[in-house]
Amino acid sequence: MKKDSVIPYFFILPIMTLFFLFIIYPLFIEIIYSFFNKKLGLKPVFVGFDNFVKLTNDPLYIHTLWNTFVPWCGVAVNIKMLLALLFANYLAETTRFRRVIRAIILLPWALPLITCLSAWRWIWDPDWGVINRALQTFFACPPLPLFAEYKSAFGLIILFHIWKWTPFWTLIFLGGLQGLPPSLYESAKIDGAGRFEIFKYITWPLIKPLYIICTLLSMVWTLGDFTTVWVLTQGAPAESTHVLATLAYRYAFLHGDLSTAYTSFTIILPLVLGMILILIRKIEGFLK
Amino acid sequence: MSGEKKEEKMDRRKYIKYIGAGAAIAAAAAIGYGVSELTKPPPKPTTVVTTVPAPTTIVTTVPTVITVPTPVVTTYSTPSPTSRRITVWWTTMYLAAEQLATIQAVREFEKQTGIGVDITFFTEAGLVEKVTTAVEGKKFPDIVLTHMPFLAANIAVNGLLEDLTSFVNEIKNDLLPPVLEASLQFNKVENKWSYYAIPLLTDAYNVHFWKDLYGRDSAPTDWEEFWASVKEAHNKICKPKGIYGYGLTMSDLQTDGYEAFHAISKSFGFDPFPERKLAIDTPSNRKALIETIEFATSLYRQGLFPPGVITWKNPDNNNAFHSRIIAGTSNHTLSIPAYQYENNKDNYYNKMFTSVWPIGPYGDNRVQLNARHIFIFKDAPNKDLALKFLSFFLTPENYAPYVKGYIGRFVPILKSALEIDKDFWYNPKDPNIPVQVEAVTKRKGAPLLNTLHPVWAKLDADNIFPRAWIKVLTQNITPEQAADELIAQVKKAFEEFYRA
């Protein structure tokens, strides 16, 4: 009996070791160092809540929090998920050229990220970008340096995010939609329900748990996305397009100020953990 | 039915048995190979070169830039089982020839000293990340060459670098004077200034022109005449072709933007750090800042620069020049002519030229110099060997061919190295290299501020200076407001530094 209760722990020991080494330990270090002044290569000095006070009084940090949670994890993720659901519905129904259309829609997701980001910058480049060149040629528009202004620069970041990641979530929703019982749709059609009614009364109630799980998951992933913003703008112009990941990089690697980098994420940790807990609950509910 | 099932089960068992036997044989073979490899006598020293794809820029004659992966040497080591080894981290260079020059020098060092070298090349940002994690993990390399000025400053300020004063004293008389100035770093832990890093390479802020697009074979050195000539070229030659007279990087991305800002501000007499003491809020400095902001933004508004200059990254002015959408540009190092030298000698010798940065409107003839620092960690495992390596590199006969291998992109920091290859550095037929050498040796060299103090390094890492240009152009604030904002930011940063 005793042997039986020990053996399972032995089997999960490797994964638990990795979990503690790569998840729990870094998290622990992050939280602890948030209460210290930790400069590159120097011993940490305890400073209490100083880092938290400093950051929450820093307009750049507050602006970055806004960027991260409102346009980035809020607007970009939600538009993307909504579009993904629409595309998935379309692909689930379309019969003609279905495979070709699916392949085309999924293409952005399959392309390498860095290549796409570099191409995205070039496309919008005011001097040699294809869009500006077309606007100049056909509409005599002056070249627009869109990455030089906050709103347009962040707009382009969001647009890229939507273009790049909508296909992935489309695929997930498509899988979900194809798992729904066709008999429900057939009955609804016999009863004379239109497309909107079918979506409202059948598709949405059934797909809703999956949609919420995917949205939360996407928010958590997007929160940690460093590459998109860094390659497109590096936080410019005037550090206005930073998200938390890029701002933390700036503190850690450009300033050698590790404690501020840690604290920038520790502040939002309760919120992220809350999101993850809700996500887990939703997944558990979904599986039941 | 049950018989079929039984047969199927037996088949599966057989299958698993065969797979198991196969795996056992493979494992035995792998172990055998491993044992034989481990018991082998050590190999004779042979060069190991690892190549990985790294982006290289290919520029076409139309304004299109293509990046393709080409093999670039990343890690180079010569296994020498008997001798000691040092770990060297180097910044990846712009041209393949530059890495080859480094590898050749390393090979020579190994040959002469018997000390093995493990050299790894990193991108600029990659090196910063690697050094940061190495410092935190206390796994120091022995010697590092960086092109990011803030890196040496960030590490020196925390007292992590070896004081190279005695070494610098040995070669002091041979060093170009501004180099010495850029070597002096602040150690806040011990509260002292000392030679913690040596610029292995230096370079000036140069101007390059296409002769046909500029309509001249040389550029005036007088400020007003210089910009009048650029305007003339823009209006008469470039504008009708739909291209631009000049490409001045004005963005707050990467390093070219702040280098341009500092070069122009120096021309207007901006001197905020005389004798390493902050004096940014003097009326003359405020005026110089306002003029710097006004000057570039007004040229931008006049359409003299491509509209994208406010979003350009470091390679973009190079690309615009090679693509001939600008008649001229300014740039640290001779990377632009060096590219043409490698790809089109006719362009290099006959169709383009380099000029010194013009003398400022009030007669300020300082020319901006950059420093590419080499440093040794205080806790490096092989500090003695690292010093040997540094000493080898900076011996004129070893150093001269190394710098020459960069096709003149940088200027040697040793006067004697210039003398050794006089024909190369002062070749009268070369329209580019002697110009930069003259700028470095004859004009009054002024190192970039970020080489002089960790706070300037931090401010340039944040790119606060060119941001003033962008704010004036995109947020409609006045140059006066932008200048006052800059002054306040700099003062605050210094206050915080000394308060902490």
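Helices and strands here are DSSP runs, a helix having at least four residues and a strand at least two, and each kind is numbered from the N terminus. With that convention, chain A holds 13 helices and two strands. The model is a predicted one, and its overall scores are ipTM 0.82 and pTM 0.83. The points below move from confidence to chain A, then to the contact between the chains, the domains of chain B, the core and one enclosed helix.

**Confidence in chain B**
- Chain B has an average pLDDT of 85, and 83% of the residues score at least 70.
- Two stretches of chain B deserve caution: over residues 1-10 the pLDDT stays under 50, and the model has zero contacts there beyond four places in sequence.
- Residues 37-73 of chain B also keep a pLDDT under 50, but for this stretch the model has 55 contacts beyond four places in sequence.

**Chain A**
- The C-alpha trace of chain A spans about 80 × 70 × 30 Å along its principal axes, and 33% of the 288 residues of this chain count as buried.
- When contacts in chain A between residues at least 6 apart in sequence are considered, 68% of them join residues at least 24 apart.

**Where the chains meet**
- On the chain A side 23 residues are in contact with 28 residues of chain B.
- Helix α11 of chain A, residues 244-254, gives the largest share of the side of chain A that touches chain B, namely three residues.
- Sorted by class, that side of chain A has 14 nonpolar, five polar and four charged residues.

**Two domains in chain B**
- The domain assignment divides chain B into domain 1 (48-202 + 370-443) and domain 2 (203-369 + 445-499), and the centres of these domains, taken over C-alpha atoms, are separated by 25 Å.
- Between the two domains, 37 residues of domain 1 of chain B are in contact with 37 residues of domain 2 of chain B.
- Several elements of chain B, among them β1 (48-59), α4 (149-156) and α18 (433-442), each supply at least two residues of the side of domain 1 that touches domain 2, and α18(B) gives the most to that side, with six residues.
- By class, the side of domain 1 of chain B that touches domain 2 of chain B has 25 nonpolar, eight polar and four charged residues.

**The largest nonpolar core**
- The largest nonpolar core has 189 residues, of which B:Ile143, B:Ala156, B:Leu161, B:Ile293, B:Ala327 and B:Ile374 touch the most other members.
- Helix α3 of chain A, residues 59-93, provides the largest share of this core, ten residues.
- Because domain 1 and domain 2 of chain B both give residues to this core, it lies between them.
- Apart from its neighbours within four places in sequence, B:Ala156 is in contact with six residues that can be looked up in turn: B:Leu161, B:Gln185, B:Phe186, B:Asn187, B:Tyr196 and B:Ala197.

**An enclosed helix, α20 of chain B**
- Helix α20 of chain B covers residues 464-474, and ten of its eleven residues are buried, so this helix is largely enclosed by the rest of the structure.
- Among the buried residues of α20(B) are B:Phe465, B:Trp469 and B:Leu473, as well as the charged-class residues B:Arg467 and B:Lys471.
- The buried residues of α20(B) pack against four helices of chain B: α9 (256-267), α10 (283-301), α19 (454-461) and α21 (479-499).
- After α20(B) comes B:Asn476, whose phi is positive, near 55°.

Methods. Residues numbered from 1 in each chain as written. Chains lettered and ligands numbered in written order. Predicted model: local features only at pLDDT ≥ 70, side-chain atom pairs only at ≥ 80, totals over all residues. Contact = placed C-beta atoms within 7 Å. Core = buried A, V, L, I, M, F, W, Y, C linked by C-beta atoms within 7 Å. Buried ≥ 20, exposed ≤ 12 C-beta atoms within 10 Å, placed from the backbone. Domains from an automatic or database assignment. pLDDT = per-residue confidence, 0-100.
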